[in-house]
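Student: I would like to go through this structure slowly and ask, for each term, what justifies using it. Could we begin with the loops and then work outwards?

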Amino acid sequence: MPGPSAGGPPPKLAVWKFASCDGCQLSLLDCEDELLEVAGTVEIAHFLEASSAIVEGPYDVSLVEGSVTTPHDAERIQEVRRVSRHLIAIGACATAGGVQALRNFTAVDEYAAVVYAHPEYLATLESSTPISAHVPVDFELRGCPVDRPQLLEVLTAFLRGRRPNIRTHSVCIECKRRGNVCVMVARGTGCLGPVTQMGCGAICPAFARGCYGCFGPMETPNTQSLSAALARGGMDNHTLMRLFRTFNATAPAFEAASRARESREGGL
Amino acid sequence: MTHSTRDLTVEGLARVEGEGAMHVVITDGEVTDVRLRIYEPPRFFEAFLRGRAYTEPPDITARICGICPVAYQMSSCQAIEQACGAVIDEPIRALRRLLYCGEWIESHVLHIYFLHAPDFLGAASAIELARDHRDVVERALQMKKIGNQIMEVVGGRAIHPINVRLGGFYRAPTRQELRPLAERLRWARDASIETVRLVSTFDFPDLEIDHELVALHHPDEYAITEGRVVSDQGLDIEVSEWPEHIVEEHVARSTSLHGHLIERGRYLVGPLARYTLNYDQLPAVAREAATEAGLGKECRNPFRSIVVRAVETVAACDEAIRLIEGYSEPDRPAVPVEPRAGVGHGATEAPRGILYHRYSIADDGTILEADIVPPTAQNQDAIEADLRKLVAANLELSDHDLQHLCEQSIRNYDPCISCSTHFLDFTVERR
């Protein structure tokens, strides 16, 4: 979709927070070399963490961080969608419910065993859900947290009215490109790289560690084959289940993989 | 008799990390209600940590806060290593401190220039400041970047570092990887000294606090990664004695708990407490900058916390340079941490103040219970007490000005609301 015409007012950018750690919106402030340039091409119309000035909508581009976990937020996301021309979900919370979606796997009776001091003070939903479960989303940018260059690419693309160039193949491709030694082949370290979407720069294998899936499932993940290989390498069911069930636990491919292991394990 | 009531409400506090609101009620010239309301959705970390492996909290609890993930990683490692009886090698300890210095620099510069300074300069944001003072904002961005670079080189990533594990690191950086940072840090140390000078010229409202000041204390260094828990009123305990001295209360207005010292009441953690309790441990260059800025050996005006943060940024840059210059690659990047049944406590100085973790683990390493007490939860009562005092002393101000003063006062504490809310779950009443 084309952006506003040249010479017109700058496009309005809004940043919204739902249940999250603030890390993905901080990624924008962490673009130290580009921030002022970006700020010069848009009107930062709503970004509470960075500015007390609030300009009324509608907004040309809304970045949404966090997942929906309260009745109030379930209503608020509708309002955000209504005032946003383009809505971009950023990070694992906004695209897959985030680490707080671990609550989705807890049975209600198990939860009841944990007695809060004053549970009546809380207003919280049973599950943590991604933005796309509530409203149409124009783009989902993965990561826990998102990658800065990818964030800039997506923002620039929407401001210029083109499709973002974000690859969806596996971390393995990135790892090879970086020249990392394969941690699985060389050391037998469990790694989610083969089933995880690239974008982080394959940092974990570069630090001699297996990928733990921050960016969620890649386009065609063969989790069954990877699970079997990891099990053959000695990883027990429970560890395998936890590996798939952390920061993108309710991304469908990872959820299926963790549930498959859970059924063998007989529950957490 | 007619009553006059003034009602000040700010929904959606700006330039704080997370979601909070403020509510002040003045009835017949008396402050009758002051509430910092935290409505950040609870995320239940303590609940889902139960049943996870003892190796997971450094990665999982980092996700409580994108601004201070290293604090969560360091406090959780310390607690679990204590439970397992692991002793950390000196070079690993030094690397952890270096990583933490990176987080202090990044977080402090963010707060000083992006969240707090606009209040003193009458701007809505640092981006607005950049219109008239582009060089100052550019300098701030480059300072922040150096903090992030330390986290990238040592931790692998600036937000939610991936290289931290129980016992140390997955891979220790080489001397060659660290060396270029030292040069940039020398620039950043000078820039921090300039920052102290700049912020010390701001106009500070009068406010003297009498909260008990609590910080970690280490005899040989400005405490960041470890120390005893001490106060200006005689508290002096091991971290493991924490539960006997500090309790939390769940109040209706907040998805965060309020911390109190048992039989002593409210207390304050963070830069003012650290500075006042650990002045003697500051490196000379930081003490000189403080003196030049007109700070004594104590600071009890929370509006001046911006100066203290700048002084601490000087200290963190200086310390990071020292650690890089003295760095030798460890023989092993991590010491083994074998599970055993037990309880461990950890406390480190997050940029906003003490972050306490406690874990109870089973002999196979399964986590049975987790408690996390972040700094903002501990400071909530102090923040409200300050608001009450400020409002009472400035009743003649218009609602607009009074509201601005209150917001500024909240930002004095750099409240991290994302941090403070995650842990509702852990005050479990056992029946």
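Tutor: Let us begin with Pro145(A), which is found in the loop between E5 and helix H6 (148–160) of chain A. Please keep in mind that this is a predicted model.

Student: What makes the peptide bond between Cys144(A) and Pro145(A) special enough to mention?

Tutor: The bond that joins Cys144(A) and Pro145(A) is cis, with omega about 5°. Most peptide bonds are trans. A cis bond also leads from Gly57(A) to Pro58(A), where omega is near 5°, and Pro58(A) has its place in the loop between E2 and E3 of chain A.

Student: Which strands form the sheet of chain A, and what makes it an open one with edges?

Tutor: In chain A, 5 strands form an open sheet in the order E2-E1-E3-E4-E5, and their pairing is parallel. Strand E2 (43–47) and strand E5 (139–141) of chain A each have a single partner strand, so one side of each has no neighbour in the sheet, and they stand at the edges. From one strand to the next, the twist averages 20°.

Student: How do you know that strand E3 and strand E4 of chain A are paired?

Tutor: Two strands count as a pair if at least two bridges are found between them. Strand E3 (residues 59–65) and strand E4 (residues 84–90) of chain A run parallel and are joined by 6 bridges, so by that cut-off of at least two bridges they are a pair. Within this pairing, Val64(A) stands opposite Ala89(A) in E4(A).

Student: What packs on this sheet?

Tutor: Helix H3 (residues 71–82) of chain A packs on the sheet, where it touches strand E1 (12–17), E3 and E4 of chain A. The direction of H3 makes about 130° with that of E4(A).

Student: Why is Ala208(A) called partly exposed, whereas His160(B) is called buried?

Tutor: A residue is buried with 20 or more other C-beta atoms within 10 Å and exposed with 12 or fewer, and what lies in between is partly exposed. Ala208(A) has 18 such neighbours inside 10 Å, so it counts as partly exposed, while His160(B), with 25 other C-beta atoms within 10 Å, is buried.

Student: What is noteworthy about the backbone at Ala208(A) and at His160(B)?

Tutor: Most residues other than glycine have a negative phi. Ala208(A), although not a glycine, has a positive phi of about 65°, and His160(B), also not a glycine, has a positive phi of about 55°. Ala208(A) is found in the loop between helix H9 (203–206) and helix H10 (223–232) of chain A, and His160(B) lies in the loop between helix H6 (134–155) and strand E4 (164–165) of chain B.

Student: Why is chain B called as compact as a globular protein of its length?

Tutor: The radius of gyration of chain B is 21 Å, and the globule rule gives 22 Å for 431 residues; the two values are close, so the chain is as compact as a globular protein of that length. Chain B holds 14 helices and 14 strands, and 57% of its 431 residues count as buried.

Student: How do you know that helix H11 of chain B has the span expected for its number of residues?

Tutor: At 1.5 Å a residue, the 21 residues of helix H11 (residues 305–325) of chain B should span 30 Å, and because its end C-alpha atoms are 30 Å apart, the two agree. Helix H13 (residues 399–411) of chain B, with 13 residues, reaches 18 Å from its first C-alpha to its last, close to the 18 Å expected.

Student: What makes H11(B) largely enclosed, and which residues of H13(B) are buried?

Tutor: In H11(B), 19 of the 21 residues are buried, so this helix is largely enclosed by the rest of the structure. The buried residues of H13(B) are Cys406(B), Ser409(B), Ile410(B) and Arg411(B).

Student: Where do the domains of chain A lie, and how do you know that they touch?

Tutor: Chain A is divided into domain 1 (12–160) and domain 2 (171–265). Contact here asks for C-beta atoms within 7 Å, and 15 residues of domain 1 of chain A are in contact with 13 residues of domain 2 of chain A. Helix H4 (residues 91–96) of chain A gives the most to the side of domain 1 that touches domain 2, with 3 residues.

Technical notes:
Residues are numbered from 1 along each chain as its sequence is written. Chains are lettered from A and ligands numbered from 1 in the order in which they are written. This is a predicted model: local features need pLDDT of at least 70, side-chain atom pairs count only at pLDDT 80 or more; totals for chains, interfaces and linings use all residues. Helices (H or I, at least four residues) and strands (E, at least two) are DSSP runs, numbered from the N terminus. Axes are lines fitted to C-alpha atoms, for helices over the stretch in contact, and angles run from 0 to 180 degrees between N-to-C directions. Two residues are in contact if their C-beta atoms, placed from the backbone, lie within 7 Å. The radius of gyration is taken over C-alpha atoms; the globule rule is 2.2 Å times the number of residues to the power 0.38. The expected span of a helix is 1.5 Å times one less than its number of residues. Domain bounds come from an automatic or database domain assignment.
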